[in-house]
Each structure stands twice: as C-alpha cells, then as structure tokens.
Amino acid sequence: MSEGQLGAVKIDRDRLWRDLHRTCEWGKGERWGEGPTDIGMSRLTLSDADKQARDWFVEMTKSLGCDVKVDAMGDMSGNIFAVRPGKNGGPPTYAGSHMDTQPTGGRYDGILGVHAGIEALKTMNDLNIETEYDTGVINWTNEEGARFPISMVSSGVWAGAYTLEKAHNLVEVGGGKATQKSELERIGYLGTLEASYKANPIGAHFELHIEQGPILESSGGKIGAVEGAQAFKWFIITVKGRDCHTGTTDFQNRSDAMLTAAKLILHSHNKATEFGCLASTGILTLRPGSTNTVPGWVQFSLDIRSKEDFVVSKLEEALKRDFELIASGEEVGNINAQGTKGRGCTVEWQFDTDSPATKFHEDCIKCVEDSARDMLGTNAGSQVQRMTSGAGHDSVYTSRHAPTSMIFVPCREGISHNPAEYCSPEDCGNGAQTLLGAILRYDRLRAEKEHS
Ligand SMILES: [Zn+2]
C-alpha cells in the first residue's frame, strides 16, 4: 500500500468504544462516577467472567474469518491466537494484550489493546485489505499476576522465561486451592498447542496500552512510541543497631537502626535523582516496635530502575559504598551533617530479583511513529513522543523473540490499577488507529525487506 492508501484507512472509533464497553459487562467492579461506563473492572484471570470475555473473543474473531488456533482453546498456557490470513505464509504480525484485570482494576489496561486489535481486523475486512503476511490478535493469559501471582507469566512461558509447569502449578492467592492449570481446564481453555516461541512463532508484536503514568497527559502528548522497558533490580536491606530505652539513652550512645534506615532511604532518593533514575522503598519492617524502645533492627526493600542497565549498576555500586559510610556515622551527601553522631549501625544487602532493560525493535518503533504522525497530520510535532515503559508488559517477553513495539495513549491523571482508570474515546481511537497503521506499515516493510 502507498502512503496515500494507508492514510485513507480509518478505523471505526464508535464501534471500538461500543465493543469495549460491551465486554466490560463481564466482570464489572466498583462504580466510581455517574456515567454509564464509570464502573471499574474485577475480571480476574480464568474466572467465569474471564471465560465470558474469552468466549466473546473467540466467537468474534472467528466471525471475522480468523483461524483461531487449536479448537478455540489457545495454547497450553491458555494464550489465544486469532489469525487473519494474508497472501503469504510465515509467522503473523500480531496485535496483543490481555483481557484479565486487577481485582480493583479499570476498563482500559490491557482490554483496550485487545479490542484495538479486533477493530483493526474489522477495518481490514470492511476495506477488503489483503495483507502480505498473516495478521492477528493475541489475548495473553494472566498478565496481571493478581490471582496467580506472577505477572506476564504466560507470555513468559511462550518466551521460555518460565517453564509451563511453573505457570500451571501457580496456586491462587487468598487461600483457595485452584491452580492456573485447574482453572484453565475448568473454563475449557487448556489448549493443546505448545506454549513456545519455537512451536508458535510471532512475526512481530504491537501492543496498544494506556500509559499508566502522567507523562503524556502532562506534556500534551497524544501517542507514545515505546522504545523499551526499564531495567530494575530489587534488594532487601537490613540495618542492625541495638535496642535501648528512649528515655535513658542519649543520642551519642545510640545505635538507632530506624534513624539510620531513614537516612539511607533519603540518600537513595537523592542519589537516584543525581543519576536520573528511580529508587523506591515500599516495604519497611522494624523491631521490636515499641514507642519507648529505639529499634535495633530494621529491614526495607529497595527498588532501583532505569532505562539503562549500566545506570542501575552504577547506582547500586554507589549506594553500597555510601550506605556503609552513612551507617557508620561518616558524612556523605550532607546526610549526617545535622543532628548528633551516635555509635553507628551495620548494613547488609540481600539481592531479591532483577530484570534487564528491554529494547524494542527500531523498525516497529518507526512504524508506530510514522502511523501516529500520519494520523495527527502536519501539527503532530511533540504530540508524538518516544518513551520508555515504566511497567512490565507482555511485549517485554515477545521482544525476546520477535520485533516488537508498544503504543502508549494518555490516561487521566496517570491513574491505573484503579476503578477510576479512564482513557477518553478520542485517545482510545487514536491508539487503535495508530495500531492499525503500524501493522500495515510493518507488513509492507517486511515484504520490502524480504524481496530486496
Ligand atoms: Zn496491562
């Protein structure tokens, strides 16, 4: 297709909005506003409501002429692949995301990406577009990790990051006995196709998603062309001092583990600011936990993130050095400049988990950008922005074995994993239009590359 022909391909924005809210009838959550769609979602993976959404997905894509892999049941992880035939064979170019939600989730996280993929298929059918290669839509299983506690576990199995057994044996949180496998069987979605990039390869993967952060909205951005996802590394830090009486022990004679932990957390924030990355503490435990005892033991989590692996390593190195100095009472970055020097504490680091930075494929990122600029016209300017995902997505795993990129659209106040999550009809439509344009551009590029 020429640029002019591509520019004339328009999705049906009203149909997208209607379809999306129709399937949100299954697994409705908390009402947060007066409007007909001001209701959150609580569609935990492999629940009865998820089965209804899956049944809809299968029926809809079949009615559009798709070949839905393995008797409509998907692969052994429950991932469903709907494929619309193109002129040539080979692995399809997919739009993928997820239809499961958090227990107190919204209507757009994941759901928008799947619906936009289906709207792309409908538009291609309406306009009799014949693609060079197969195209399709994927509904990934248990992206959220809310019910069976590993996020993106089934795209992870596809990518070879987890074994199928590990995913199947996950037990539901909250004391129940159901496993991911028993629930797949119960709702009829334990497929027979091997969940693997080798048995079921992907030609390319595009994922439309709400940003889940405030950057686009606050900068007037309309479309984010996502270049990759942040690296992160998690640690558990233990500070040891000595319990003592708060009334009888002067400051000079204390080994105050809580005061030291507070200084370390503040320093991690200051240092991360200096390095242009993120450091956060989300868990803090102290002992013994008494108003009139200075705590001698504190443990806290430390989460370091950057879009570059080397920045994470640099920050880790700096903090390992500085934490020890600060705990012993030495002056680093003005942290010990005020107050009273005590007897000092010790600091231990324990590695928890990590994930390297993900770099998406330049061809795919470019297709997203070109598609977004074409849609927004000559005034696109800074409305199209390259960005890095702060959160994990199924695309992180697909990118290990297939050219991948994501499309971000703004969501109100950056709020997500919350019933009040909201993406306007305009932004949903912009995202879906960009998605279809990116798929068609990639299809063309792939043919050009193969024939050159
Ligand atoms: Zn999501």
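Which elements do the buried residues of helix α3 pack against? Keep that question in mind while we look at the whole protein, which is a predicted model.

Let's begin with the overall picture. The secondary structure comes to 13 helices and 18 strands. The radius of gyration is 25 Å, close to the 22 Å that the globule rule gives for 452 residues, so the protein is as compact as a globular protein of that length. Along its principal axes, the C-alpha trace spans about 85 × 50 × 50 Å. Buried residues make up 49% of the 452 residues. If you take the contacts with a separation of 6 or more, 77% of them are between residues 24 or more positions apart.

Now try to find the two domains. Domain 1 is made of two stretches of the chain, 3-229 and 358-451, while domain 2 covers 231-355. The C-alpha centres of domain 1 and domain 2 lie 40 Å apart.

We can now return to α3, which runs over residues 48-63. With its 16 residues, α3 reaches 22 Å from its first C-alpha to its last, close to the 22 Å expected at 1.5 Å a residue. Its buried residues are Ala-49, Asp-50, Ala-53, Arg-54, Phe-57, Val-58 and Thr-61. Look at how those numbers are spaced as you read this general rule. An α-helix has 3.6 residues a turn, so residues three or four places apart point the same way. Here is the reply to the opening question: the buried residues of α3 pack against α2 (13-23), β3 (67-68), β4 (80-84), α4 and β6. Just after α3, Gly-65 takes a positive phi of about 90°.

One of those partners, α4, deserves a visit too. Helix α4 (residues 111-126) has 16 residues and spans 22 Å between its first and last C-alpha, close to the expected 22 Å. This helix is mostly covered, with 14 of its 16 residues buried. Asn-128 follows α4 and has a positive phi, near 50°.

Further along the chain comes α11, at residues 362-376. Helix α11 has 15 residues and reaches 21 Å from end to end of its C-alpha atoms, close to the 21 Å expected at 1.5 Å a residue. Its buried residues are Cys-364, Ile-365, Cys-367, Val-368, Glu-369, Ser-371, Ala-372 and Met-375. What covers them includes β7 (204-210), β8 (223-229), β17 (384-389), β18 and α13. Just after α11, Gly-377 has a positive phi of about 80°.

Next, let's move to domain 2, residues 231-355. An unreviewed UniProt entry carries the annotation "domain: Peptidase M20 dimerisation" for residues 232-321. That span is 36% helix and 33% strand, and its end C-alpha atoms lie 19 Å apart. Two strands to look for are β9 (residues 231-240) and β15, which run antiparallel and are joined by 9 bridges. As an example of the pairing, Ile-237 has Trp-349 in β15 as its bridge partner. Strand β15 (residues 346-355) is hardly covered, as the count of buried residues among its 10 residues is 1.

Another strand to find is β10, residues 244-245, which contains His-245. Is His-245 buried or exposed? A residue with 12 or fewer C-beta neighbours within 10 Å is called exposed. His-245 has 10 such neighbours inside 10 Å, so it counts as exposed. Leaving aside its neighbours within four places in sequence, His-245 is in contact with Asn-292 and Thr-293. The C-alpha atoms of His-245 and Val-294 are separated by 6.3 Å, although these residues are 49 apart along the chain.

Finally, a few backbone details are worth a look. Most residues other than glycine have a negative phi, and most peptide bonds are trans. Arg-287 and Pro-288 are joined by a cis peptide bond, with omega about 5°. Pro-288 sits in the loop between β12 (284-287) and β13 (293-294). Met-152 is not a glycine, yet has a positive phi of about 55°. You will find Met-152 in the loop between β6 (135-140) and α5 (153-159), where Met-152 is buried, with 25 other C-beta atoms within 10 Å. Glu-413 also has a positive phi of about 55° without being a glycine. Glu-413 lies in the loop between β18 (404-409) and α13 (425-451), and with 14 C-beta neighbours inside 10 Å, Glu-413 counts as partly exposed.

Definitions and conventions. Residues numbered from 1 in each chain as written. Predicted model: local features only at pLDDT ≥ 70, side-chain atom pairs only at ≥ 80, totals over all residues. Domains from an automatic or database assignment. UniProt positions renumbered as here; feature names shortened; annotations may be inferred. Helix = DSSP H or I, 4+ residues; strand = E, 2+ residues; numbered from the N terminus. Buried ≥ 20, exposed ≤ 12 C-beta atoms within 10 Å, placed from the backbone. Pairing = 2+ DSSP bridges. Rg over C-alpha atoms; globule rule 2.2 N^0.38 Å. Contact = placed C-beta atoms within 7 Å. Expected span 1.5 Å × (residues − 1).
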